[in-house]
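Here's a relaxed walk through one protein chain, loop by loop and pair by pair. Keep the 3D view open and follow along.

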Amino acid sequence: MRKLSILAPAFVICSTLSIGAQTPDTATLSGQVQDSTHAAVVHASVSVTNQLTGLERTTQTDDKGEFRLSGLPVAGSYVVQGSKEGFAAAILKSVTLAGGSSAQVTIVLNVSAANESITVEGSAADVRMDEPQLGDFLDALEIDSTPLLNRRITFLPLLNAANRPAINQGDIFMNQDLFTTNGAGRRQTWFEIDGTNGNDSWGRQTIFTNIPKDAVETMTVLTNAFSAEYGASTGSVVNIVTKSGGDKLHGDLLELYRPSGPEAELSGFNSSNATSGNQITNDSLAQTAGSISGKLLKNDPTHFFLAGEISQQNRASPVTSPLAPGNFIGHYRDLLLFLRLDRQFSAKNNAFFRESDDGFYDTNPNGIVGGSSLATVARTFRRRTYTTEFGDTAILSPHTVNSLRAQFQLASPITEFDPVVYGTQFVVPIAGAATFTSGTSQSALLMNRQYGVDETVAMSLGAHQLRIGGTWTFAHTGGNSKEFGGPIYLGKFTYNTCSMTVAQCESSSYLNNIANVANYQQSYGNASYTVNDNLFGIFAQDDYSLSKRVVLNLGLRYEGQTFTDSRTNFAPRIGVDVDAFGNGATVLRAGFGIYYSQIVDNEEASYALTGPTGVFNYTATPGQIGFPSSIAAAPLPAFPAGAVPPLRSLYIRPGQSAYLNQFFPTSTLVGYPSELLNPYSEQYTFSVEQRLARNTVLSVDYVGAHTLHVVRPLDVDPPSTYIRPAGTNVNLTARSATVTNCTRPYWINWFAQSGVNCLTSTASQQPPYSTIQSDVNDGFLHYDALDVNLRKTFGTKGVLLASYTWSHTLDNVDPDSTSQNPNDPNQPGLAEYGNALYDQRNRFVLSGFYTVPLKVKIGGIATLAGGLPYNLTTGITNSGDTGATTDRPVINGAIVGRNTGRGTPVYYVDPFVERDFAIFERVHLDLRAEAFNVLNHPNFVTFNGVYGTGTTAPATLGSPSTGITAQLPARELQFSAKVSF
């Protein structure tokens with residue numbers, strides 16, 4: 001609740017269970033006009049004017065004195081006016097609306113005018129009573145004030161404790177924040193940008209095209225119970241509305257610098273003992289950002305907003321090899337461009353055009369160079385994405401709004417890895433020194449083109465607020481190879497240990513002598529694939545006001561994805577909102593919904609590259625078939641005639657028995673699925689939201705989720721269960737790969753037909769395949785959480801957010817994570833049920849800012865969290881299944897459960913201080929300093945889980961892993977100066 005000065009007798013905005021016809025990037029204003037006796041005033045005029053763009057909308061009250069204005073853009077604030085002949089006009093300025101929400105207004109008209117104060121309830125920072133969804137709303141001021149490393153907006157969701165960083169699960173080279181929500185995987189966040197799909201269907205790693213921080217008007221992070229408008233996600237929804245230009249010319253220019261001098265070093269290593277390129281020793285950043293906005297032409301109703309951002313980041317990775325010691329500087333360069341045009345064609349129709357471009361490259365992704373790896377094996381990662389969107393909002397009637405969004409998204413490339421030295425690889429072990437490696441042909445080039453249309457018709461029909469619509473995205477993805485590059489088509493020579501000087505061992509005379517080569521390896525097979533995937537959803541959402549105090553939310557969504565075999569993905573949603581005491585201060589909510597997730601299209605890479613016609617490596621030693629006659633003879637033009645192909649491991653798509661039977665009888669496989677299904681989550685919530693005082697809201701929420709059909713890689717030609725024989729050193733016992741393979745169902749069938757004894761067979765007598773993995777929908781997950789959130793606003797002076805989550809996530813496979821092989825592929829169910837890899841039990845986040853005297857703004861983020869789990873392994877393959885198991889140790893007579901190790905607590909404090917200086921009347925200089933992890937606490941997220949083959953745990957068990965993929969940043973300082981007009 002907040003007080004505002006007005007030019008009117010009385011004007012009350014409240015949110016007594018209002019639901020409006022709005023879409024994720026628009027809002028609704030509705031309510032009633034009354035006289036001083038609270039009787040309805042019919043045929044009164046109500047108008048709203050956007051103070052930024054000048055957009056005007058007018059309506060009249062009906063025979064109940066009620067009105068509704070739907071489809072309002074959320075950029076800028078509004079002036080709301082109510083008038084009627086014989087009454088003094090009521091005017092309220094600076095009304096701010098949130099995307100996807102509604103506000104209800106009660107306008108009280110008096111006969112004579114007087115200056116009074118009014119009460120505003122149900123604003124973005126107030127108690128919400130329109131839907132059961134849970135989450136946070138961030139406006140442009142909060143976003144601009146929050147300290148963000150590299151100014152990346154993907155860090156903003158972490159202000160809510162229900163979202164957890166996921167850097168221990170991969171894809172760090174994307175240079176964006178990845179997070180998990182409600183027990184869902186890191187690829188389950190749905191990004192909605194200006195009312196349409198902002199996701200990359202190829203990999204769902206982050207936003208398809210990133211948005212400059214300066215171009216974000218609002219961000220709403222929904223963590224649960226969202227309506228049927230949203231789909232293809234079992235995690236959170238991040239709804240972003242971008243900025244529009246206004247009638248006046250505005251602009252700013254920012255220079256940011258993060259020097260390496262005052263930064264602290266990451267813990268656990270130094271420049272002399274670093275083992276990988278992820279163990280960086282310094283990190284600097286220079287960034288230039290700016291924006292300009294206004295009218296396109298003086299007398300034209302078209303407004304523009306243009307923004308850009310250039311980042312230049314340098315990271316030093318120590319090379320400890322004596323062949324070329326020193327720092328390898330990895331260069332990260334990023335260019336973000338953003339343009340938005342808005343035009344109001346009439347009082348009933350407005351449209352916008354948005355173009356977003358993002359291109360970056362990194363010359364040392366995931367620390368390829370560093371430790372003993374030389375610069376000669378470096379690969380550059382590139383990603384360039386472009387998004388073009390057109391949006392139109394049409395008021396078809398006072399109670400019906402149609403919103404149409406169409407877009408084209410191009411990723412050219414979505415992933416590209418280019419070797420710096422492209423060619424045949426040479427690997428030379430040098431006695432008394434190290435290993436010299438030069439060149440590689442492991443490259444990758446993958447593209448993605450997406451075409452999308454979203455349309456929603458929102459209608460107000462008495463007590464029913466209906467939204468009916470659909471979304472469709474066609475994705476054409478694919479290319480050559482996979483992330484980091486796969487096949488070595490140009491071959492690799494591994495040499496005998498060289499005992500000469502380093503210079504001689506690296507010389508062309510040594511390298512070009514085939515007599516010095518120990519073996520030659522080359523890849524053969526197909527590494528290309530293409531996916532044409534249609535992703536679509538059809539939904540209906542009805543928010544029904546049973547009374548002034550109770551709203552029932554009913555929704556149904558049908559989710560489709562042609563890449564999978566699911567055809568019955570119906571997702572009902574139901575919720576209820578109750579104004580407990582009728583005063584809008586206490587709201588009870590409950591909700592239940594089913595949410596389906598997408599199978600990422602790059603899953604086809606596993607099927608294509610590791611299928612029967614995919615890639616395999618063949619190694620030959622001198623004298624064997626396939627060993628080149630000379631160095632110049634490499635690469636070989638084709639697989640050598642007469643050579644015996646190596647024993648291969650396969651990864652096959654479900655439901656392809658008819659095709660695969662030409663390679664092997666799928667009838668021998670165990671549990672090979674007939675179809676690939678979309679995982680889904682049953683989520684349920686109960687919450688209480690309470691206005692404690694003016695502009696202070698507390699919410700307490702229970703969130704539960706039960707996720708089924710989680711995709712996991714599983715060996716469907718599993719060897720028999722290996723029971724380690726009892727003894728004093730049970731963790732050391734292991735069976736051989738040959739004995740293991742001979743127990744596979746496919747091998748048993750093969751040798752039964754051939755009449756050969758498996759245990760004494762030669763390579764030419766054996767089946768061509770050993771491990772045969774497939775995607776199996778047998779994963780399941782349970783998530784229970786208590787979320788507590790407190791929000792306090794101080795007008796324009798500041799805001800305080802306090803967020804705490806206790807949660808427990810149990811599953812038998814972690815969604816969207818690597819290394820998901822079970823201890824025994826014959827027992828992937830309850831035997832694997834344990835803590836999820838991201839099961840962080842406690843997380844608390846305190847954030848905000850406040851303007852103190854002398855116009856100094858202070859604030860920041862403080863985060864305290866529990867440690868993350870890690871899995872215990874023996875470090876050897878006890879079962880003999882080299883391709884598809886993760887053998888865990890026996891402790892106290894039983895195989896230990898999944899992820900039973902627990903890491904160390906995480907905490908970091910990120911403060912900032914900022915001061916605005918007026919240079920001229922309309923020109924300001926803003927100086928800002930911010931620190932990240934100012935206390936320099938070592939925050940580890942990955943730990944050594946090797947228990948070993950002994951009977952007691954080694955001292956190294958649980959020791960933290962180091963580097964930027966295993967720990968959060970050490971202390972870093974950022975300084976910026978911004979000129980605005």
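Let's start in the loop between strand 22 and strand 23, where you'll find Asn366. Keep in mind that this is a predicted model. Asn366 isn't a glycine, yet it has a positive phi of about 55 degrees. With a relative accessibility of 28%, Asn366 counts as partly exposed.

Ser481 is another non-glycine residue with a positive phi, this time about 75 degrees. You can spot Ser481 in the loop between strand 28 (464-480) and strand 29 (492-495). Is Ser481 buried or exposed? Its relative accessible area is 1%, so Ser481 is buried.

While we're on loops, have a look at Thr281, which sits between strand 18 (250-258) and strand 19. Thr281 has a relative accessible area of 16%, and because the cut-off for buried is under 20%, it counts as buried. What does Thr281 touch, leaving aside its neighbours within four places in sequence? Its contacts are Glu263, Glu265, Phe269, Ser271, Ala316, Pro318 and Asn327.

**Cis peptide bonds**

Two prolines are worth a stop. The peptide bond running from Ser412 to Pro413 is cis, and its omega is near 10 degrees. Pro413 belongs to strand 24. Going from Ala634 to Pro635, the peptide bond is cis too, with omega near 0 degrees. Pro635 is in the loop between strand 35 (616-620) and strand 36.

**Salt bridges**

Now for the charged side chains. How many salt bridges does a search of the whole structure find? It turns up 30 salt bridges. Here are three of them:

| Pair | Closest N to O |
|---|---|
| Asp362 and Arg315 | 3.0 Å |
| Arg340 and Asp342 | 2.9 Å |
| Arg384 and Glu416 | 3.8 Å |

Take the pair Asp362 and Arg315, joined by a salt bridge. Asp362 is in strand 22 (residues 349-362) and Arg315 in strand 20 (residues 302-319), so the bridge ties together parts that are 47 residues apart in sequence. Both Asp362 and Arg315 are buried.

Next come Arg384 and Glu416, whose salt bridge spans 3.8 Å between the closest N and O atoms. This pair links distant parts of the chain, with Arg384 in strand 23 (residues 379-397) and Glu416 in strand 24 (residues 400-419), 32 residues apart. Arg384 counts as partly exposed at 30% relative accessibility, while Glu416 counts as buried at 13%.

What about Arg340 and Asp342, which also meet in a salt bridge? Arg340 has a relative accessibility of 7% and counts as buried. Asp342 counts as buried as well, at 13%. These two residues belong to a network of salt bridges that links Asp194, Arg340, Asp342, Arg354 and Glu389.

**Helix 7**

Turn the view to helix 7 (residues 745-754), where Tyr746, Trp747 and Phe751 are buried. Why do these three count as being on the same side of helix 7? They cover an arc of only 125 degrees around the axis, and that puts them on the same side. Ala752 and Gln753, on the other side of helix 7, are exposed. The cover over the buried residues includes helix 6 (737-741) and strand 39 (769-793). Just after helix 7 comes Gly755, with a positive phi of about 80 degrees.

**Empty spaces**

Finally, let's look at the gaps. There are 16 cavities of 30 Å³ or more. The largest cavity holds about 840 Å³ of space. It is lined by 46 residues, and the closest to its centre are Leu149, Arg152, Phe155, Leu968 and Pro969. Sorted by class, that lining has 21 nonpolar, twelve polar and 13 charged residues.

There are pockets to explore too. The second largest pocket has about 1300 Å³ of space. Among the 48 residues lining that pocket, Arg187, Glu603, Ser606, Ser817 and Thr818 are the closest to its centre. Which strand gives the most to the lining of the second largest pocket? That's strand 38, with five residues. By class, the lining of this pocket has 18 nonpolar, 20 polar and ten charged residues.

Methods
Residues are numbered from 1 along each chain as its sequence is written. This is a predicted model: local features need pLDDT of at least 70, side-chain atom pairs count only at pLDDT 80 or more; totals for chains, interfaces and linings use all residues. Side-chain values use heavy atoms; hydrogens and water are left out. A salt bridge is a side-chain nitrogen of Lys or Arg within 4 Å of a carboxyl oxygen of Asp or Glu. Helices (H or I, at least four residues) and strands (E, at least two) are DSSP runs, numbered from the N terminus. Buried means under 20% relative accessible area, exposed over 50%, partly exposed in between (1.4 Å probe, protein chains only). On a 1 Å grid over the protein atoms alone, a cavity is a set of points where a 1.4 Å probe fits but cannot get out, and a pocket is an open set with protein on both sides within 12 Å along at least five of seven lines; lining residues have an atom within 4 Å of a point. Grid points are joined across faces, edges and corners, and a volume is the space filled by probe spheres set on the points. Ala, Val, Leu, Ile, Met, Phe, Trp, Tyr, Cys and Pro count as nonpolar, Asp, Glu, Lys and Arg as charged, and the others, Gly among them, as polar. The arc is that of the directions from the helix axis to the C-beta atoms. Contact means heavy atoms within 4.5 Å.
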